[in-house]
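Biologist: I would like to learn how structural features are read from a model, one kind at a time. Please give me the general idea for each, and then the case at hand.

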Amino acid sequence: MNLELSEEQTAVRALAAEFTDREIVPFAAEWDRAESVDRSVIGKLGKLGFLGLTIPEEYGGSGGDHLAYCLVLEELGRGDSSVRGIVSVSLGLVAKSVNSYGTEEQKQHWLPRLTSGEALACFALTEPGTGSDAANLTTRAVREGDHWLISGAKMFITNGTWADVALVFARTGEAGHKGVTAFLVPTDSPGFGRREIHGKLGLRGQATAELVFDNVRVPDSARLGPEGKGFTVAMAALAKGRMSVAAGCVGIARACLEAAVGYAKEREQFGKPIASYQLVQELLSDIAVDVEAARLLTWRVADLIERGLPFATESSVAKLFASEAAVRAANNALQVFGGYGFIDEYPVGKYLRDARVMTLYEGTSQIQKLLIGRALTGVNAF
Ligand SMILES: Cc1cc2nc3c(=O)[nH]c(=O)nc-3n(C[C@H](O)[C@H](O)[C@H](O)COP(=O)(O)OP(=O)(O)OC[C@H]3O[C@@H](n4cnc5c(N)ncnc54)[C@H](O)[C@@H]3O)c2cc1C
């Protein structure tokens, strides 16, 4: 694997860094308190091509490779995980699935809208009763001629109240993963209800929602991929999605490192900057090692994808390590800040709150361990 960035990758990273410093960092605390990022940021992300990375230009995408995508997500994640998550879901989980599994008509209809930021997408897999056990979802889609009627509920859906289209996974057949089909459901469809979930520990700037489907009618042309193959669509999306969560975690850990190093050099105790104490340097170096290790694991996934090699287990490894590393990094950074880390005038408390969910969504740390264990032994321990 070549660790040297190409000219194009270097340029896209610089663009994302500059955008993050100008359009995100100054507002992140305000958005967190207001429980909403400024929605105008979506159009700006679209304009820069950040919502179209890896999508072919003929569908409005900005091309680029998966490493460029990780570089952009690291920068956005450094600024605000809420913004990074909007991109990871709308582009990473939905637009990429449309690109991989969609008909020509679906690609032409949705991709230019999603890549420009004119429309936003959400990924609706989790239900109130099925989180880790997603294959047992109970939302139903019943065929009625050349249409489907969808009924059920989804829980914790990122972008849920903002999205124009939901990628919905519903049961159309037998129990278990073989009976699931994916649908692209416009959120203005009659019978589609949504309610924002407030009071989250972190990612407060993001619209996380509960969705309700009351006989939502969609044509068969809204089906994404073959009948009964919805779980394959979901798992393929999440395999790549875990890389994008990992890239966002590298961004959080880096933000923690930069904040903690800066503070340690300024803050004086016992007549000297706290950076001059070995135990403080230990905290800083632990964060630095986590940043580097998480980044290399993440880049390895991008490299495997580009080379057309299997990457799902490596993506679980990267997501597991990077998410736990981001929590550790934020906790260490908070320690460096002392009592000031505990108030929201300083950013590290938010980094810790935002990092915490990374070990939960797109498969908890326990689920990643089971996936890695299954790959190692061939034994399914779920
Ligand atoms: C802010 C936020 C945003 C989210 N965004 C989305 C989204 O956009 N789309 C979407 O579909 N979902 C989304 N989710 C849902 C997320 O993916 C689920 O919360 C996650 O999969 C865990 O499911 P659960 O919360 O039901 O926990 P559960 O599955 O009930 O797990 C509870 C605990 O049991 C453990 N556990 C479960 N099964 C096993 C097992 N077999 N072995 C060992 N331990 C086990 C888990 O690791 C966990 O510790 C989001 C969640 C949050 C909090």
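Modeller: Let us start with exposure: Glu314 counts as partly exposed, at 22% relative accessibility, where buried means under 20% relative accessible area, exposed over 50%, and partly exposed in between (1.4 Å probe, protein chains only). Glu314 lies in helix α9; helices (H or I, at least four residues) and strands (E, at least two) are DSSP runs, numbered from the N terminus. Glu314 and Leu3 are 311 residues apart in sequence, and their C-alpha atoms are 17 Å apart in space. This is a predicted model, in which local features need pLDDT of at least 70 and side-chain atom pairs count only at pLDDT 80 or more, whereas totals for chains, interfaces and linings use all residues. Residues are numbered from 1 along each chain as its sequence is written, and side-chain values use heavy atoms, with hydrogens and water left out.

Biologist: How is the length of a helix judged, and what span should the 29 residues of α8 have?

Modeller: The expected span is 1.5 Å times one less than the number of residues in the helix. For α8 the expectation is 42 Å, and its end C-alpha atoms are 42 Å apart, which agrees. Gly308 follows α8 and has a positive phi, near 70 degrees.

Biologist: How far does α5 reach from its first C-alpha to its last, and where does α5 bend?

Modeller: Helix α5, with 21 residues (81-101), reaches 28 Å, close to the 30 Å expected for it. A bend at a residue is the angle between axes fitted to the seven residues ending there and the seven starting there, and α5 bends by about 30 degrees at Ser88. Of the 21 residues in α5, 19 are buried, so that the helix is mostly covered. At the start of α5, a side-chain oxygen of Asp80 comes to within 3.0 Å of the backbone nitrogen of Ser82. That is a polar contact, a pair of N or O atoms within 3.5 Å; within protein, one atom must be able to donate a hydrogen and the other to accept it, and residues adjacent in sequence count only if both atoms are side-chain atoms.

Biologist: Which residues around the ligand come nearest?

Modeller: A residue is near a molecule or strand if one of its heavy atoms lies within 4 Å of it. There are 15 residues around the ligand, and Phe123, Thr126, Ser132, Phe156 and Thr364 come nearest. Nitrogen atoms of the ligand take part in several polar contacts: one is 2.8 Å from a polar backbone atom of Phe123, one is 2.7 Å from a backbone N or O atom of Phe156, and one is 2.8 Å from a polar side-chain atom of Thr158. On its own the ligand has 990 Å² of accessible area, of which the protein covers 66%; such areas come from the Shrake-Rupley method with a 1.4 Å probe, and for residues only the protein chains shown count as cover.

Biologist: Let us turn to the loops: where is Asn159 found, and is Asn159 buried or exposed?

Modeller: Asn159 is found in the loop between β3 (147-158) and β4 (165-171), and at 1% relative accessibility it counts as buried. Its phi is near 70 degrees, a positive value in a residue other than glycine. Leu203, in the loop between β6 (192-196) and β7 (208-219), has a positive phi near 50 degrees and is buried, with a relative accessible area of 4%.

Biologist: How many salt bridges does a search of the whole structure find?

Modeller: Side chains of opposite charge can pair when their charged atoms come close. A salt bridge is a side-chain nitrogen of Lys or Arg within 4 Å of a carboxyl oxygen of Asp or Glu, and the search finds 22 of them. Arg328 forms one with Asp290, the closest N and O atoms being 2.8 Å apart. Because Arg328 lies in helix α9 (residues 312-337) and Asp290 in helix α8 (residues 278-306), the pair ties together parts that are 38 residues apart in sequence. Arg328 is partly exposed at 38% relative accessibility, whereas Asp290 is buried at 7%. Asp21, Glu74, Glu75, Arg78, Arg254, Glu258, Glu292 and Arg295 are joined into one network by salt bridges that share partners.
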